[in-house]
Amino acid sequence: MLQQLINAIVFGSVLTLFSLGLSLAWGTLDVLNLAHGAVFVFAGFITYELTKDSTMSFVPTLIVASLAAGAVTLALELVAFRRIRLHFPARRQAELSMLVVSVGAATVIGEVVSHQTSEAAFSPPASAFSIHRYSLGGSVGITNIQILIVVAAIIVAVALDQGIRRTRYGRAIRALAYDPTTTQLLGVNVGAVAAATMFLAGALAGLAGVMLAIYLGGEEVATGQDYLLTAFAILIVGGVGSIRGAIVSAYLIALAETAVVAYGPSQWRDGVAFLLILVMLLVRPQGLFARRRFQRA
Amino acid sequence: MARWALAPLALIAGLAIAACGSSSGSSESGGSKEASSGTIPVTFVADQTGLVSYVGEKVIAGMKLAVEEINSSGELGKRKIVLSIANSNSDTATATTQMAAAVKSNAVAVFGPALSAEALATAPLAQRAKVVDIGTLSEDTGFLPIGNYIYRLTCSQLRYDPLIVEHVAKLGLKSTKIVYASDNPTLSEETTEHMVPELEKAGVKVQGTVGVPSTTTEFSSLATKLESGNPESIGLMVVGAANPDLITALRHSGYKGVIWGEQSATAGALVPAGELANGFFYAVDYTESLPYESSKKFTELFKQKHPKEIPYGYDANGYDAMKAFAKAVSLEGSGPVTRESVLKGMQKEAASGGFEGASGKTIFVGPEHRDIAVPGVLVEWKDGAEHIVKLGTPGLEQQQ
Amino acid sequence: MSGTDENDPDTALQVDDLTVRYGQVTAVAGLSLRVPSGSVVAVLGANGAGKTSTMRALAGSIRASIDGRARLFGGSILGLSAHRIAARGMVLVPEGRQVIAPLTVEENLLLGGYRQRSRARLRELMAECHELFPILHERADSPAGLLSGGEQQMLAFGRALMSDPRLILMDEPSMGLAPVMVDRVMEAVEALHRRGASILMVEQNAASALQVATHAYVLDQGRIVCSGTATEVGSDPVVAQTFLGLREQAQAGQAAC
């Protein structure tokens with residue numbers, strides 16, 4: 001029971017790290033970035049490449065791979081999303097175009113990784129990060145990478161939540177989400193803020209990707225798709241654009257999935273996410289943490 | 001449209017295929033279409049790109065190796081096999097189009113694609129055109145009944161279940177739990193219909209079976225569940241990255257017992273788990289160190305051609321499919337090769353006890369002797385390589 | 001070309017031959033105007049006269065083809081992005097106020113001061129804002145979307161003030177407000193003026209605008225049809241009749257146009 005609770009918290013932390021970037025991009029820039037999962041796997045792949053010959057130690061690898069993931073997402077923003085926003089002033093049309101582009105980007109990134117790894121699952125060698133398990137009495141225990149994932153998720157979640165709420169940049173992001181035109185009139189370089197936001201979103205996917213690459217036995221391109229689906233459930237349950245909502249629902253869904261696996265028919269695990277999406281859309285379509293709705297300009 | 005409605009787009013789900021690559025070889029003898037004298041045209045509708053391209057590429061490599069060997073050895077006299085590759089893109093519609101073109105061409109035999117859906121859709125075209133199709137699917141029971149031109153060379157995990165059960169019992173393991181890919185009908189059925197009763201019969205208590213979706217990657221909660229009750233062994237009837245992921249999760253959560261699996265763990269699938277996968281055992285068609293003369297020959301040829309790669313079952317399947325075809329041709333003498341002569345050759349080959357290929361001595365089994373069975377081998381994974389535990393017997397399941 | 005000295009310290013904004021086209025449609029046709037430093041210039045005109053297009057074009061916040069010249073304190077601004085123009089000390093209070101509804105009043109004000117790097121300066125400006133518009137202090141933590149129209153206009157002004165602007169553009173500040181609020185808005189315009197900013201506002205409500213303006217232009221179908229001091233323009237009979245609806249003054253006044 002206690003072990004399963006630990007499992008759920010670790011899994012919730014994984015989901016938090018993965019979902020926050022997606023939530024950020026969707027909530028502020030209307031970019032439903034389906035390449036988020038591919039970027040996540042890409043970071044795992046970079047981790048693998050940097051460590052497979054034991055050439056780089058963990059912390060520099062973490063930094064390089066996260067920055068690389070951020071850079072890929074930034075490139076998508078600059079090459080595609082920004083142009084689409086300028087080209088289609090109508091939000092709906094822009095959203096759909098960005099969605100389609102992101103599917104394409106996911107495919108391209110996936111193909112690159114598949115090609116480089118000969119389509120096999122990959123994982124950094126044990127030497128990249130030596131995993132230890134600490135016993136908490138009886139059969140209950142936790143590994144150092146699990147602790148690291150939980151700590152990283154807490155730090156990222158708190159920093160992002162507070163950053164969005166309290167900083168100058170955070171205000172600019174929220175204003176941009178509501179009305180980019182007026183925000184720019186107030187002197188905010190919205191192009192730069194959007195670029196920085198997408199970079200951050202990508203780097204967060206990267207951070208999750210590095211941790212997961214070490215935590216899981218092996219990653220493959222399809223791994224990202226699996227997390228993407230769960231992340232959608234998280235965003236819908238939490239309320240689109242709500243950072244706190246995403247955090248809370250990431251842990252809720254992790255608890256629910258863990259409970260199903262541990263005490264129920266584990267093959268229904270994926271069904272949990274779908275079920276929660278369905279229930280939320282019927283009962284509370286704005287999500288758990290939706291803000292007051294204001295008509296947009 | 002609500003934003004969430006777009007979510008399913010993300011589910012470009014990875015259809016993992018259960019296990020084997022397949023190979024098929026065909027030669028054409030033109031009834032109306034006469035192949036130019038001295039050449040034996042065959043077509044492989046291969047999954048060169050798309051979902052299972054990693055299988056397709058290996059099968060192609062093995063098949064090409066066999067063509068080179070056969071053509072240079074002179075075992076077909078002056079006649080040369082000319083292999084055409086038609087890309088199915090791992091897609092049923094494309095595969096069907098390619099197969100339709102292949103049977104209209106002067107190919108004297110065709111080799112079908114690997115995915116079950118593709119194989120089942122393309123085989124009737126070959127049957128109607130009366131051209132031998134050496135198919136490439138694992139265990140779909142609907143494939144061979146399509147007709148008398150349909151053969152398959154396949155790695156049926158079912159054949160190897162006895163090898164595994166026997167080894168589990170031999171290690172003195174009293175109990176086991178099995179986790180299977182719940183969205184893979186072959187593995188689900190095999191687990192519940194075959195492995196569980198056979199293990200119980202061998203005196204191994206099956207404490208439970210647990211289904212998981214193939215997309216799962218985070219297995220810590222499942223690992224905790226599997227460990228409860230302290231089974232002495234845990235069996236993995238899963239595909240792709242789930243093998244190393246599960247092994248890693250089980251070991252990191254402190255599981256000390258034996259872990260065994262099935263042949264989707266081959267071809268380097270366990271590499272990501274590193275030394276945590278040491279001791280994992282499973283059964284395959286082919287492994288590098290097989291002691292048979294014909295296997296050694298294949299391994300040597302492969303290494304000459306691809307010095308940096310390790311040959312695995314998919315390469316061996318491609319090679320063997322072509323060898324099966326070549327033997328059929330040679331059994332029909334040195335005359336012109338026709339579609340009809342290929343069929344007669346295959347039937348003679350079946351009756352005469354099969355052929356020797358990369359996987360060893362291979363026989364034709366099943367009701368009409370169109371199911372090509374390799375002996376199989378039980379291997380243990382240790383330090384990045386497969387080590388032979390026990391050699392199998394061709395058509396093992398037939399003897400039960 | 002402008003006849004004015006390009007570095008004329010008395011000129012806050014000099015616009016020459018401004019043309020704004022949306023595809024085939026010309027919204028503004030060769031408009032020229034000058035905002036003397038320290039003045040309040042009103043541009044009057046009916047709906048569709050090209051007022052908003054002019055403002056948006058000057059602020060760099062429009063998707064249209066723009067020709068002509070505009071110099072802000074001597075520096076050319078046409079074609080720059082909105083945030084760069086804002087950085088040069090000119091801020092637009094847009095039509096319909098456009099407060100950022102989900103953000104609190106205080107956050108809206110801080111957003112107005114986005115380019116103020118000094119925290120101390122930001123605090124000073126905030127204090128000034130609260131003094132000028134006490135309601136913004138009282139409702140500091142309320143989401144801006146919950147404010148009344150008049151309060152939102154005060155917030156829009158306060159937000160503009162937070163950037164410490166030298167020139168404020170106002171697009172229809174009285175639009176959609178109750179008459180009592182219109183007076184309050186005009187008082188606020190005067191307060192911002194007294195504080196030292198030059199102001200260029202476009203207004204449909206000519207009578208109110210002329211009360212606070214020092215200079216005025218009349219815009220009709222994309223062209224300036226009349227200009228002068230507020231008094232001159234206000235007393236022009238044609239303007240009075242067409243834009244102010246003041247028949248009696250129309251008889252008494254002198255033609256300015």
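1. Two strands count as paired if DSSP finds at least two bridges between them. Keep that rule in mind for chain B. This is a predicted model. In chain B, strand 2 (residues 39–46) and strand 4 (residues 108–111) pair in the parallel sense, and three bridges link them. One residue pair helps to locate this: B:Val42 has B:Ala109, in strand 4 of chain B, as its bridge partner.

2. Strand 4 of chain B also pairs with strand 5 (residues 132–135) of chain B. The sense is again parallel, over three bridges. Here B:Val110 stands opposite B:Asp133, a residue of strand 5 of chain B. Between strand 4 and strand 5 of chain B the path runs through helix 3 (residues 116–128) of chain B. The β-α-β crossover that results is right-handed.

3. Move on to strand 7 (residues 175–181) of chain B. It runs parallel to strand 8 of chain B, and seven bridges join the two. B:Thr176 can be used to find the register: its bridge partner in strand 8 of chain B is B:Val206. Helix 5 (residues 185–201) of chain B completes a β-α-β unit with strand 7 and strand 8 of chain B. That unit is right-handed.

4. How is chain B divided into domains? The assignment gives two entries, each written as two segments. Domain 1 of chain B covers 16–155 + 301–369. Domain 2 of chain B covers 158–284 + 378–399. The C-alpha centres of domain 1 and domain 2 of chain B lie 31 Å apart.

5. Chain A has its own make-up. Its secondary structure comes to eleven helices and two strands. Read from the N terminus, the order of elements is α-α-α-α-β-β-α-α-α-α-α-α-α. The two strands therefore follow four helices and precede seven.

6. Next, the overall form of chain A. Its C-alpha atoms fill a box of roughly 60 × 45 × 35 Å along the principal axes. Why does a radius of gyration of 19 Å agree with a compact globule? Because a compact globule of 297 residues would have a value near 19 Å, and chain A has 19 Å. Of the 297 residues of chain A, 58% count as buried. Among contacts in chain A with a separation of 6 or more, 76% join residues 24 or more positions apart.

7. Which chains touch, and where are the most contacts? Two pairs of chains touch, and the most contacts are between chains A and B. That contact takes 42 residues from chain B and 47 residues from chain A. On the chain B side, two or more residues each come from helix 1 (53–73), strand 8 (205–212), helix 6 (220–227) and helix 7 (242–252) of chain B. Helix 7 of chain B gives the largest share, seven residues. By type, the side of chain B that touches chain A has 21 nonpolar, 16 polar and five charged residues.

8. Chain A also touches chain C. The contact takes 20 residues from chain A and 24 residues from chain C. Helix 6 (168–178) and helix 7 (180–185) of chain A each supply at least two residues of the chain A side. The largest share, six residues, comes from helix 6 of chain A. The chain A side divides into nine nonpolar, five polar and six charged residues.

9. One pair of chains is left. Chain B and chain C do not touch. Their nearest C-alpha atoms are 21 Å apart.

How values were computed. Residues are numbered from 1 along each chain as its sequence is written. Chains are lettered from A and ligands numbered from 1 in the order in which they are written. This is a predicted model: local features need pLDDT of at least 70, side-chain atom pairs count only at pLDDT 80 or more; totals for chains, interfaces and linings use all residues. Two residues are in contact if their C-beta atoms, placed from the backbone, lie within 7 Å. Ala, Val, Leu, Ile, Met, Phe, Trp, Tyr, Cys and Pro count as nonpolar, Asp, Glu, Lys and Arg as charged, and the others, Gly among them, as polar. The radius of gyration is taken over C-alpha atoms; the globule rule is 2.2 Å times the number of residues to the power 0.38. A residue is buried if 20 or more other C-beta atoms lie within 10 Å of its own, exposed if 12 or fewer, and partly exposed in between; C-beta atoms are placed from the backbone. A crossover is right-handed if, with the strands pointing away from the viewer, the path from the first strand over the helix to the second runs clockwise. Domain bounds come from an automatic or database domain assignment.
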